[in-house]
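Thanks for making time. I would like to walk through one model with you, element by element, and finish on the ligand.

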Amino acid sequence: MDRLVIEGGNTLKGTINISGAKNAALPIMAAALLTDETCVINNVPALRDTDTMIRILRAMEAKVERKKERVSITGACGKLKAPYNLVSTMRASICVLGPLVAKRKFAEVSFPGGCIIGPRPIDLHLKGLEKLGAEIKIKSGYIIAKAKKLKGANIYLGGHFGSSVLATANTMMAATLAEGTTVIENAACEPEIVDLANFLISMGARIEGHSTPTVMITGVKKLHATNYKIISDRVETGTYALAGAITGGDLFLKGAKGAHLLAVIDKLRECGIHITEHKDGLRVKRKVRSKIKPASVTTLPYPGFPTDMQAQIMALLCLSDGISIITEKIYPERFIHVSELGRMGAQIILEGPNAIIKGVKSLSGADVMASDLRASAALVLAGLVAKQKTRVHRIYHLDRGYEELDKKLKNVGARIWREKEER
Ligand code: EPZ
């Protein structure tokens with residue numbers, strides 16, 4: 001396994017190209033199972049997670065070819081099972097459930113279980129499919145879904161923590177081939193859901209209201225081949241925006257879409273970071289010695305502040321001139337990075353879903369452990385500005401979600417490299 005070594009203190013300057021959105025690519029690749037024809041998907045980031053989705057599709061005997069960022073999928077699969085060894089490594093594998101039930105009338109998908117960021121139930125996924133007429137059983141750790149025919153329905157898809165991104169995705173995908181009209185209320189409005197809807201529309205689906213909490217899907221008999229380009233990754237964009245901010249740098253994030261990151265941009269401006277939106281990207285600047293203002297951040301479903309940016313903004317607020325509060329309203333236990341940031345000198349108190357952060361003048365490099373994807377990104381950000389060396393261990397999490405992170409940071413002036421862990 002690799003670790004990342006970072007020698008902090010460099011100001012980052014230059015251009016970073018933003019990759020395709022991981023969280024749009026994963027459900028869109030699964031959606032290709034809704035037709036036997038070939039779907040060409042462009043701008044798919046080269047990540048461990050997109051590789052895992054390819055392995056799942058191949059395990060089901062779908063034909064998948066990858067050439068750089070272009071993935072072609074012919075979804076006429078022979079096997080209808082997503083096995084434990086793959087699903088257990090990536091929760092988004094659950095996205096094959098909706099397309100399989102809709103197109104093949106049967107699916108056997110391993111239960112994804114919880115993960116390091118807290119419990120992650122799937123009741124809303126099952127509710128959506130059951131309302132459409134699927135019969136669902138849990139047997140030996142697998143979700144077994146059958147349907148003679150799916151029929152449109154009115155479905156309220158809100159849970160304890162509000163809307164669900166992938167439950168909306170699963171229900172919407174299944175409804176495209178159901179008989180009649182489906183209305184999903186309290187649907188997720190995330191840009192990745194809008195991208196999925198646009199992909200489905202390009203395959204011949206009839207969908208309205210995507211990007212609002214009420215999505216209407218009128219079932220069609222058949223979907224067809226398409227050639228589609230997925231959106232740029234807003235979380236990768238936000239992470240590099242913070243790399244510019246935390247190092248007092250000047251970065252141009254090429255391909256970034258400011259409209260997908262309004263809450264993050266707003267918060268960064270409140271902290272004193274200069275951000276300008278351009279036709280082809282975002283520019284992020286902070287004067288090295290300017291103070292970072294403290295802030296209060298609450299994570300919420302889109303268009304609120306994304307939970308996937310919570311750890312990264314915490315790294316910045318650790319160096320702010322005062323006291324900040326972060327309230328995590330999507331995953332109240334997603335604070336595994338707090339103790340690792342503490343090892344670098346951060347002062348953070350946790351009280352339930354609230355983190356109270358007292359800004360310090362500087363952080364110092366340390367050996368830290370990457371625990372989940374976004375927590376790992378936060379440790380890298382802290383390492384970029386910390387005194388001395390930071391070693392981020394177990395970085396396979398980062399490879400799940402950030403394409404060539406070390407190379408992209410090195411190109412704009414970071415001292416960062418990979419090393420093999422000694423055994
Ligand atoms: C998506 O996960 C993202 N993953 C996550 O990104 C992201 O953190 C999350 O949305 C929230 O924005 C992908 O898109 C592949 P949810 P998802 O269902 O859809 C509760 C990353 O780092 N809930 O919107 O699985 C749930 O526990 C990853 O890239 C239920 O109660 O998340 C949470 O509190 C991590 N019942 C809330 O809803 C359900 O059936 C929102 O979760 C489903 C979810």
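Strand 8, residues 135-139, runs antiparallel to strand 9, and five bridges join the two. This is a predicted model, so please keep that in mind throughout. Within that pair, Ile-138 has Ile-143 as its bridge partner in strand 9. The two strands make a hairpin with two residues between them. One thing to look at in the turn is Ser-140, which has a positive phi of about 50 degrees.

Strand 9 also pairs with strand 7, residues 106-110, again antiparallel and again over five bridges. There, Ala-107 stands opposite Ala-145 of strand 9. How much of strand 9 is covered? Four of its five residues, in the stretch 142-146, are buried, so I would call the strand mostly covered.

Next, helix 5. Its buried residues are Leu-124, His-125, Leu-126, Gly-128 and Leu-129. What do they pack against? The list is helix 4 at 97-104, strand 8, strand 9, strand 10 at 154-156, and helix 6. Just after helix 5, Gly-133 takes a positive phi of about 110 degrees.

Now the first of two open sheets I want to show. It has four strands in the order 2-15-17-16, with mixed pairing. Strand 2, at 13-17, and strand 16, at 274-278, are the edges; each has a single partner strand, so one side of each is left without a neighbour in the sheet. From one strand to the next, the twist averages 15 degrees.

Inside this sheet, strand 15 and strand 17, residues 250-254 and 281-285, run antiparallel and are joined by five bridges. Leu-253 stands opposite Leu-282 of strand 17. Two helices pack on the sheet. Helix 8, residues 234-246, touches strand 2, strand 15 and strand 17, and its direction makes about 165 degrees with that of strand 15. Helix 9, residues 262-270, touches strand 16 and strand 17, with a direction about 145 degrees from that of strand 16.

The other open sheet also has four strands, ordered 4-5-3-14, and its pairing is mixed. Which strands stand at the edges here? They are strand 4, at 63-67, and strand 14, at 226-229; each has a single partner strand, so one side of each lacks a neighbour in the sheet. Ignoring direction, neighbouring strands are turned by 15 degrees against each other on average.

Strand 3, residues 38-42, pairs with strand 14 in the parallel sense over four bridges. Ile-41 has Tyr-228 as its bridge partner in strand 14. As for helices, helix 2, residues 48-59, packs on this sheet and touches strand 4 and strand 5, the latter at 70-74. The direction of helix 2 makes about 150 degrees with that of strand 4. Helix 7 lies across strand 3 and strand 14, at about 155 degrees to strand 14.

Leading into helix 7 there is a loop from strand 11, and Ala-187 lies in that loop, with the strand at 181-185 and the helix at 191-202. Is Ala-187 buried or exposed? Its relative accessibility is 3%, so Ala-187 counts as buried, the cut-off being under 20%. Leaving out residues up to four places away in sequence, Ala-187 touches Ser-163, Thr-168, Thr-212, Pro-213 and Val-215. Thr-168 is 19 residues away along the chain, yet the two C-alpha atoms are separated by 5.7 Å.

Last, the ligand. How many residues surround it? There are 24, and the closest are Leu-124, Ser-164, Val-165, Asp-308 and Ile-330. Helix 1 at 22-31, helix 5 at 123-131, helix 6 at 165-175 and helix 12 at 373-385 each supply at least two residues of this shell. Helix 5 gives the most, with three residues.

For the polar side, here are three distances, each from an oxygen atom of the ligand to an N or O atom in a side chain. For Asp-308 the distance is 2.6 Å. For Lys-22 it is 2.9 Å. For Asn-23 it is 3.1 Å. Taken alone, the ligand exposes 830 Å², and the protein buries 92% of that.

That is what I had; the floor is open.

Methods
Residues are numbered from 1 along each chain as its sequence is written. This is a predicted model: local features need pLDDT of at least 70, side-chain atom pairs count only at pLDDT 80 or more; totals for chains, interfaces and linings use all residues. Side-chain values use heavy atoms; hydrogens and water are left out. Two strands pair if DSSP finds at least two bridges between them. Axes are lines fitted to C-alpha atoms, for helices over the stretch in contact, and angles run from 0 to 180 degrees between N-to-C directions. Contact means heavy atoms within 4.5 Å. Buried means under 20% relative accessible area, exposed over 50%, partly exposed in between (1.4 Å probe, protein chains only). A residue is near a molecule or strand if one of its heavy atoms lies within 4 Å of it. A polar contact is a pair of N or O atoms within 3.5 Å; within protein, one must be able to donate a hydrogen and the other to accept it, and residues adjacent in sequence count only if both atoms are side-chain atoms. Accessible areas come from the Shrake-Rupley method with a 1.4 Å probe; for residues, only the protein chains shown count as cover.
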